[in-house]
Amino acid sequence: MPLYKTITVDENTNILIWKIEESFEWLSDGISLTDNCRQRVDNMKSDLHRRGFMSIRHLLAMFGYTDHDLFYDEFGKPHLVDGRHISITHSFIFTAIIISDKPVGIDIEKQRDKIERIAHKFVSSETEFVANHDQKVRALTIIWGAKESLYKLYATPGLSFEQHIDIVPFDLGMPFTAGSINYKEEISYYDISFMEFEDFTCVYAQPYR
């Protein structure tokens with residue numbers, strides 16, 4: 001069972017990362033889905049997406065939850081029935097969840113050159129930092145993952161990566177930075193942590209401590 005990585009962020013916040021290597025049939029064995037989730041997975045055309053969906057249910061089980069303990073609100077944000085906070089991510093062969101007693105967000109992204117072509121869609125205050133960086137793909141992937149994590153955490157319609165979310169310049173050798181959301185005249189601040197493995201980047205966010 002390829003549990004790839006376990007991360008203890010603090011006493012109430014934990015991350016599990018799965019590397020998808022099993023068949024859909026193997027991943028489905030012993031997993032009970034709600035009717036809605038069964039319909040969702042049955043409608044997925046990509047076998048990797050279906051396997052990713054089921055691997056997340058295995059990660060939930062490791063935390064003591066089932067698919068029946070998970071529900072989504074009208075904005076698509078996942079919630080747990082016991083009130084704990086959860087965020088979920090899936091990118092190619094990796095899936096991950098973070099569970100905490102406070103709002104959290106997580107994102108995994110594959111490091112790809114094409115991110116430079118779309119940087120103008122999500123980079124704002126970070127423009128000069130990126131322009132002067134000698135590892136642009138890595139830096140941009142961290143910025144994207146950080147903004148995606150904050151977007152998931154904040155879960156508010158109308159929030160823009162470019163206009164409302166800012167990431168503080170960081171050192172690739174130090175796996176943390178900070179971010180802020182300035183939306184509708186309210187500013188909030190967050191701790192951002194990141195890690196890189198097998199040409200993927202995982203970023204997670206939590207409220208500033």
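**Exercise 1. A lysine and its partner**

Is Lys102 buried or exposed? Work this out in the predicted model, then describe the contact made by the side chain of Lys102.

*Solution.* Step one is the accessibility: Lys102 has a relative accessibility of 17%. The cut-off for buried is under 20%. Lys102 therefore counts as buried.

Step two is the partner. The side chain of Lys102 forms a salt bridge with that of Asp10, at 2.9 Å from N to O. Lys102 sits in the loop between S6 and S7, while Asp10 belongs to strand S1, so this pair ties together parts 92 residues apart in sequence.

**Exercise 2. Two further salt bridges**

The structure holds eight salt bridges. Take the one between Lys19 and Glu198 and the one between Arg57 and Asp67, and place each partner in the fold.

*Solution.* Start with Lys19 and Glu198, whose side chains meet at 3.0 Å, N to O. This pair links distant parts of the chain: Lys19 is in strand S2, and Glu198 is in the loop between strand S10 (186–197) and strand S11 (200–207), 179 residues away. For the surroundings, Lys19 has a relative accessible area of 18% and is buried, whereas Glu198, at 39%, is partly exposed.

Now turn to Arg57 and Asp67, where the closest N and O atoms are 2.9 Å apart. Arg57 lies in helix H3 and Asp67 in the loop between H3 and strand S3 (70–72), so the pair ties together parts 10 residues apart in sequence. Arg57 is buried at 3% relative accessibility, and Asp67 is buried at 2%.

**Exercise 3. Building a sheet**

In what order do the strands of the open four-stranded sheet come? Name the edge strands, then find the helix that lies across the sheet's strands.

*Solution.* Lay the strands out in sequence across the sheet: S1-S2-S6-S5, paired antiparallel. Reading from the ends of that order, S1 (3–10) and S5 (85–91) are the edges; each has a single partner strand, so one side of each is left without a neighbour in the sheet. On average, neighbouring strands here are turned by 10 degrees against each other, direction ignored.

Next, look at one pairing in detail. S1 and strand S2 (residues 13–19) run antiparallel and are joined by six bridges. In this pairing, Thr6 stands opposite Leu16 in S2. As a reminder, strands of a sheet pair through backbone hydrogen bonds, either parallel or antiparallel.

Finally, add the helix. H3 (residues 47–62) lies across S1, S2, S5 and strand S6 (94–100), and H3 runs at about 35 degrees to S6.

**Exercise 4. An enclosed strand**

How many of the six residues of S7 are buried? Then find the strand joined to S7 by six bridges.

*Solution.* Count the buried residues: five of the six in S7, so the strand is largely enclosed by the rest of the structure. The partner is S11, which runs antiparallel to S7. To fix the register, note that Lys110 stands opposite Phe200 in S11.

Following the chain onward brings you to Asp113, in the loop between strand S7 (105–110) and helix H4 (127–131). Asp113 has 59% relative accessibility, so this residue counts as exposed. The C-alpha atoms of Asp113 and Phe71 are 35 Å apart, with their positions 42 residues apart in sequence.

**Exercise 5. The largest pocket**

Which residues lie nearest the centre of the largest pocket, and which elements give two or more residues to its lining?

*Solution.* Begin with the space itself, about 490 Å³. The lining has 23 residues, and those nearest the centre are Tyr72, Gly76, Pro78, Ile88 and Lys152. Grouped by element, two or more lining residues come from each of H3, S5 and helix H5 (136–154).

**Exercise 6. Positive phi**

Where do Phe92 and Lys184 lie, and how accessible are Phe92 and Lys184?

*Solution.* Take the backbone angle of each residue, then the location. Phe92 is not a glycine, yet has a positive phi of about 55 degrees. Phe92 lies in the loop between S5 and S6 and is partly exposed at 37% relative accessibility.

Lys184, also not a glycine, has a positive phi of about 50 degrees. Lys184 is in the loop between strand S9 (176–183) and S10. With 66% relative accessibility, Lys184 counts as exposed.

Methods. Residues are numbered from 1 along each chain as its sequence is written. This is a predicted model: local features need pLDDT of at least 70, side-chain atom pairs count only at pLDDT 80 or more; totals for chains, interfaces and linings use all residues. Side-chain values use heavy atoms; hydrogens and water are left out. Two strands pair if DSSP finds at least two bridges between them. Axes are lines fitted to C-alpha atoms, for helices over the stretch in contact, and angles run from 0 to 180 degrees between N-to-C directions. Contact means heavy atoms within 4.5 Å. Buried means under 20% relative accessible area, exposed over 50%, partly exposed in between (1.4 Å probe, protein chains only). A salt bridge is a side-chain nitrogen of Lys or Arg within 4 Å of a carboxyl oxygen of Asp or Glu. On a 1 Å grid over the protein atoms alone, a cavity is a set of points where a 1.4 Å probe fits but cannot get out, and a pocket is an open set with protein on both sides within 12 Å along at least five of seven lines; lining residues have an atom within 4 Å of a point. Grid points are joined across faces, edges and corners, and a volume is the space filled by probe spheres set on the points.
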